[in-house]
Amino acid sequence: MTGLNILCVQLGFHEAYPDASTLATTYNDGIYYVASFVQQEFPQARVEMCQMFWGEKPEDFPLADYDYILISALATHFWSNIETLELIQRHKRPDCVVVMGGPHAAFAPYEALRYADYAVTAEGEIPTVQLITALEAGQPVTDVDNLAYIGADGELTLNKVTRYGGFANAINPQFLTRAPKLHWATVSMSRGCPFNCSFCYAIRLLGRRFRTKTAQDVRSELDAIHEQTGCSRFYVTDLNFTTRKSYCREIAETFRDRDYKFIAMSRINHADDMDLVLDLKRSGFEEYCLGVESEDPSVLQAFNKRVDPSEQTRRLVRFAENDIAIHSAIIFGLDVQDRQAIESTAYWCAEARIMHPVFVCLAEYPFQDLLYGARQDIEDHRIIMEVPTYQHYSFVGIFPRHMRPSELQQGILDSYGIFFKRAFEIERRPQRRARLKAYQRSVECGRAGMEQHIRFLAELEKPYYTSSGTLKEDLLKADFDARYGDLRTWLGRSSKRSDVEFVKGYAR
């Protein structure tokens with residue numbers, strides 16, 4: 001495709017709602033893998049990157065020069081940057097094609113398509129190349145994988161979902177030439193996860209089939225990123241890096257002679273093979289983001305977590321005793337979790353020696369059951385939509401039945417104080433205390449945003465709760481239907497929930 005000009009844009013966070021988690025990197029890897037694959041397949045094209053995480057802005061680029069603009073976004077990025085999306089629409093050429101990918105495009109294509117011509121609903125590298133090839137050849141896009149768009153009849157069209165086999169795609173370091181000093185460089189070594197946790201949208205993006213790069217390909221990719229940026233710390237975005245032990249040992253051996261540090265996502269039963277844990281540690285795997293979520297068996301059962309809750313504390317302490325730092329999202333908001341349960345869980349996190357708990361409230365995207373036939377745990381009308389904190393997990397995004405949203409948000413905020421107080425009482429190792437202090441400082445960066453969100457929720461919830469705190473669900477549902485009823489009807493005409501093959505391909 002000689003002469004094509006392509007701009008890739010990573011939307012950023014709202015200034016009032018930064019991602020204060022210590023896992024926050026200075027880029028998301030998905031758009032970089034897409035850009036790298038597009039550049040590989042179209043070597044004569046000019047592919048550029050606009051990274052809003054670094055303070056870059058689309059208006060600083062010659063928007064009228066591009067043939068394609070590829071945008072990646074979480075829901076919170078999307079709703080924090082409506083003005084940016086409108087600016088792109090105003091300044092791009094009329095024939096420029098805008099494609100949006102990432103979780104928000106996958107789960108809310110009807111929102112993404114307000115500002116994009118096409119949305120990608122799963123893995124994006126191959127579909128993006130298929131789409132550009134079809135459009136440049138003047139061919140229909142009906143056979144492009146994982147694509148959503150508004151058809152000629154005005155209806156939402158969902159193309160077939162395709163899960164791909166092995167992959168060898170690597171981030172092209174040329175897209176990191178303007179990177180500032182990176183806290184972590186983000187990479188992927190594998191895709192897919194064989195488990196079926198109900199809250200995990202990543203399974204619908206990447207599928208349940210576990211696929212790996214070769215260890216040598218991973219080494220080459222990381223070495224190139226290190227040479228370009230100087231960064232020696234890597235956040236491995238794999239859904240469950242330790243799925244295959246033989247692969248873990250191969251990775252450990254491959255990086256034994258490097259001075260890299262890693263944080264990877266895994267399950268808590270990784271602690272049951274401490275020989276493997278220590279083997280990986282010798283190669284720099286000293287931190288893990290574990291799927292802990294809760295110490296409460298009823299909560300774990302609700303999330304379809306196949307773990308033994310009685311073993312969780314023992315396993316977590318084993319990690320701590322071997323100087324492995326554990327990050328974990330701790331989920332609140334279920335009917336079985338009152339304020340006392342929230343506070344007890346925060347205290348338990350310190351007792352279990354979790355180093356970086358992130359207290360969150362998960363909510364589904366609305367219309368998932370309707371549109372895709374996928375499991376949905378929260379009713380559409382109880383999801384708070386179209387705000388900068390939509391799907392930003394540290395901020396409450398649902399109307400709980402048993403607790404006002406503002407009270408639940410306050411519980412999340414207070415949980416940090418409970419955790420840090422007890423953690424500092426327990427931890428005596430200087431290095432772990434230093435990490436706790438650093439994490440405490442990062443949490444404080446988000447306090448003002450949380451407090452602002454509490455005030456927003458307090459106003460939003462006023463009409464929908466009785467003086468005793470009972471949710472007026474009929475009123476809430478009626479108001480939701482009045483606002484989104486037409487949208488539900490429109491989506492219903494495009495629904496593929498009755499298409500067994502589609503649902504099999506898309507569902508968790």
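Which residues does Asp 143 touch, not counting residues up to four places away in sequence? In the predicted model examined here, Asp 143 touches Gln 130, Asn 159 and Lys 160. The residue lies in the loop between helix H6 (125-136) and strand E6 (147-150), and it counts as exposed at 60% relative accessibility. For one of these partners, Lys 160, the separation from Asp 143 is 17 residues in sequence, with a C-alpha to C-alpha distance of 7.7 Å.

The overall architecture was considered next. The secondary structure of the protein consists of 19 helices and 15 strands. Its radius of gyration is 23 Å, close to the 23 Å given by the globule rule for 508 residues, so the protein is as compact as a globular protein of that length. Along the principal axes, the C-alpha atoms occupy a box of roughly 65 × 65 × 45 Å. Of the 508 residues, 58% are buried. When contacts between residues at least 6 apart in sequence are considered, 75% of them join residues at least 24 apart. The exposed area comes to about 20,200 Å², of which carbon and sulfur atoms supply 49%. The protein carries 59 positive and 69 negative charges, and the mean positions of the two sets are 5 Å apart.

The surroundings of helix H10 (274-281) illustrate how a buried segment is arranged in the model. The buried residues of H10 are Met 274, Leu 276, Val 277, Asp 279 and Leu 280. They pack against helix H9 (245-254), strand E13 and helix H12 (312-321). An α-helix has 3.6 residues a turn, so residues three or four places apart point the same way. The loop that runs from H10 to strand E13 (285-290) contains Ser 283. With a relative accessible area of 1%, Ser 283 falls under the 20% limit and is therefore buried. Not counting residues up to four places away in sequence, Ser 283 touches Ala 252, Glu 253, Phe 255, Arg 256, Tyr 260 and Phe 262.

Electrostatic pairing was then surveyed. Side chains of opposite charge can pair when their charged atoms come close. A search of the whole structure finds 43 salt bridges. One of them joins the side chains of Asp 257 and Arg 258, with an N to O distance of 3.3 Å. Asp 257 is exposed at 53% relative accessibility, whereas Arg 258 is partly exposed, with a relative accessible area of 27%.

Two further salt bridges connect segments that are distant in sequence. Asp 323 pairs with Arg 429, and their closest N and O atoms are 2.5 Å apart. Asp 323 belongs to the loop between H12 and strand E14 (325-331), and Arg 429 to the loop between helix H15 (405-426) and helix H16 (430-445), so this pair ties together parts 106 residues apart in sequence. Both partners are partly exposed, Asp 323 with a relative accessible area of 41% and Arg 429 at 31% relative accessibility. In the other case, the side chains of Arg 497 and Asp 369 meet at 3.4 Å, N to O. Arg 497 is located in the loop between helix H18 (473-494) and helix H19 (500-506), and Asp 369 in helix H14 (residues 368-372), so the pair ties together parts that are 128 residues apart in sequence. Arg 497 is partly exposed, with a relative accessible area of 45%, and Asp 369 is likewise partly exposed at 31% relative accessibility. Beyond these pairs, salt bridges that share partners join Lys 245, Arg 249, Glu 253, Arg 256, Asp 273, Asp 279 and Arg 282 into one network. Among its members, Asp 279 is also one of the buried residues of H10, and both Glu 253 and Arg 256 are touched by Ser 283.

Backbone geometry was examined last. Most residues other than glycine have a negative phi, and most peptide bonds are trans. Asp 323, a residue other than glycine, has a positive phi near 55°. Phe 367 also has a positive phi, near 70°. The two residues lie in loops: Asp 323 is placed between H12 and E14, and Phe 367 between strand E15 (356-360) and H14. Their exposure is given by relative accessible areas of 41% for Asp 323, which is partly exposed, and 0% for Phe 367, which is buried.

Definitions and conventions. Residues are numbered from 1 along each chain as its sequence is written. This is a predicted model: local features need pLDDT of at least 70, side-chain atom pairs count only at pLDDT 80 or more; totals for chains, interfaces and linings use all residues. Side-chain values use heavy atoms; hydrogens and water are left out. Helices (H or I, at least four residues) and strands (E, at least two) are DSSP runs, numbered from the N terminus. Buried means under 20% relative accessible area, exposed over 50%, partly exposed in between (1.4 Å probe, protein chains only). Contact means heavy atoms within 4.5 Å. The radius of gyration is taken over C-alpha atoms; the globule rule is 2.2 Å times the number of residues to the power 0.38. Accessible areas come from the Shrake-Rupley method with a 1.4 Å probe; for residues, only the protein chains shown count as cover. Lys and Arg count as positive and Asp and Glu as negative; His and the chain ends are not counted. The place of a charge is taken as NZ of Lys, CZ of Arg, CG of Asp or CD of Glu. A salt bridge is a side-chain nitrogen of Lys or Arg within 4 Å of a carboxyl oxygen of Asp or Glu.
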